[in-house]
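Colleague: Before I rely on the labels attached to this model, I would like to hear the reasoning behind them, one label at a time.
Modeller: Then let us look at the structure together and set each value against its criterion.

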Amino acid sequence: MLSHSIIPDSCKGNMIHLRSIDLKTRSLPKGFPFDLPLVRSFEELIFDSPVTFFVGENGSGKSTILEAMACGIGSPTIGGKSVDQDPTLESGRELSRNIRYVWNKRTHKGFFLRAEDFFNFTRRMVKTREELEELSAAFDGELSGYGLQLAKGAAESQRAAIVDRYGENLDANSHGESFLKLFRQRFVPGGLYLLDEPEAPLSPLRLLSLISLLKMMVDEKAAQFIIATHSPILMSFPDAAIFSFDKVPIEQIPYEDVEHVSLTKDFLNNPESFLRHL
């Protein structure tokens, strides 16, 4: 059974639902992911900003912690299987059993999204819409009268709901357009959103649109976001907390000290100095 503590009302914030995470015990099992130095040396992470970024190189463990959080919280998923059933989250489920969560206010709104799961979601929505169209057409040859009216009405209302929420041509949109449309439709007040590399399908301009969307939700004191990212553009969000997973234990650092940021700046200022060594 997971430990979910609630802090006193006097400490509650307007936007920060999840206050902190820590290990419940230092006597951890052996094997992956418990043998990771990041996990063995894990210290409490305190979320004091409505937007928190996990940054670090591939393999640094940021996705491992985010996935464990999603499993422990029981976050709904978009596109993939549930956190309880997804075989790729088995290590996350194991780690989640050893994490303690401290809440300002427990919320069941929000979701967990990995960029790769979004493409499954798009395909599923397109397939569902096509199946509903085929079902509605099949009713014409099988039913008549009031029964036909009811059956076609049910199928067409479900199809219309998909179109109304995600658009008539979700499959025709660019990945970036569809991604942003999904966020606009699914971000709701009071949610906790765990996003793993949401920048993957987004151009720099679309990333600015995502920042604008996050800012709108934060300004309305409506949501909390914890985001694993490589994007210097995204992690520039004003007053965001940035945790670096490149050091053990994890530490909070300013934007200017993020290696991805300094490397990108150096490259853009003098790309020739990097390219001549390739």
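Modeller: In this protein, residues 24 or more positions apart account for 74% of the contacts with a separation of 6 or more. The model is a predicted one, with nine helices and ten strands, and of its 278 residues 47% count as buried.

Colleague: What makes Asn 98 a buried residue?
Modeller: Buried means under 20% relative accessible area, and Asn 98, with a value of 12%, is therefore buried. Its place is in the loop between helix 3 (90-96) and strand 5 (99-103).

Colleague: Which residues is Asn 98 in contact with, leaving aside its neighbours within four places in sequence?
Modeller: Asn 98 is in contact with Asp 22, Leu 23, Lys 24, Thr 25, Leu 28, Pro 29 and Phe 34. In addition, a polar atom of the side chain of Asn 98 lies 3.3 Å from the backbone oxygen of Glu 94, and the limit for a polar contact is 3.5 Å.

Colleague: Why is Pro 204 called exposed?
Modeller: The label exposed requires over 50% relative accessible area, and Pro 204 has 55%, so the residue is exposed. Pro 204 is found in helix 7, and its C-alpha is 9.4 Å from that of Ser 231, although the two are 27 residues apart in sequence.

Colleague: How do you know that the length of helix 7 agrees with its number of residues?
Modeller: Helix 7 comprises 16 residues (residues 204-219), which at 1.5 Å a residue should span 22 Å, and because its end C-alpha atoms are 22 Å apart, the two values agree.

Colleague: What puts the buried residues of helix 7 on the same side?
Modeller: The buried residues are Leu 207, Leu 210, Ile 211, Leu 213, Leu 214, Met 217 and Val 218. They cover an arc of only 160 degrees around the axis, which is why they are placed on the same side of helix 7. The face turned away from that buried side carries the exposed residues Leu 205 and Asp 219. Helix 7 lies across strand 4 and strand 8, running at about 145 degrees to strand 8, and just after the helix Lys 221 takes a positive phi of about 55 degrees.

Colleague: Why do strand 6 (110-114) and strand 10 (251-252) count as edges?
Modeller: They belong to an open sheet of six strands in the order 6-7-8-4-9-10, with mixed pairing. Each of strand 6 and strand 10 has a single partner strand, so one side of each is left without a neighbour in the sheet.

Colleague: What makes strand 4 (residues 51-55) and strand 9 (residues 241-244) a pair?
Modeller: Pairing requires at least two bridges, and these strands have four, in the parallel sense, so they count as paired. Phe 53, for instance, has Ile 242 in strand 9 as its bridge partner.

Colleague: And why is strand 2 (residues 18-23) described as largely enclosed by the rest of the structure?
Modeller: Five of its six residues are buried, and the description follows because of that. Strand 2 is joined to strand 5 by five bridges, the two running antiparallel, and Leu 18 stands opposite Trp 103 in strand 5. Strand 2 also pairs with strand 3 (residues 45-46) over two bridges in the antiparallel sense, where Ile 21 has Leu 45 as its bridge partner.

How values were computed:
Residues are numbered from 1 along each chain as its sequence is written. This is a predicted model: local features need pLDDT of at least 70, side-chain atom pairs count only at pLDDT 80 or more; totals for chains, interfaces and linings use all residues. Side-chain values use heavy atoms; hydrogens and water are left out. The expected span of a helix is 1.5 Å times one less than its number of residues. Buried means under 20% relative accessible area, exposed over 50%, partly exposed in between (1.4 Å probe, protein chains only). The arc is that of the directions from the helix axis to the C-beta atoms. A polar contact is a pair of N or O atoms within 3.5 Å; within protein, one must be able to donate a hydrogen and the other to accept it, and residues adjacent in sequence count only if both atoms are side-chain atoms. Contact means heavy atoms within 4.5 Å. Axes are lines fitted to C-alpha atoms, for helices over the stretch in contact, and angles run from 0 to 180 degrees between N-to-C directions.
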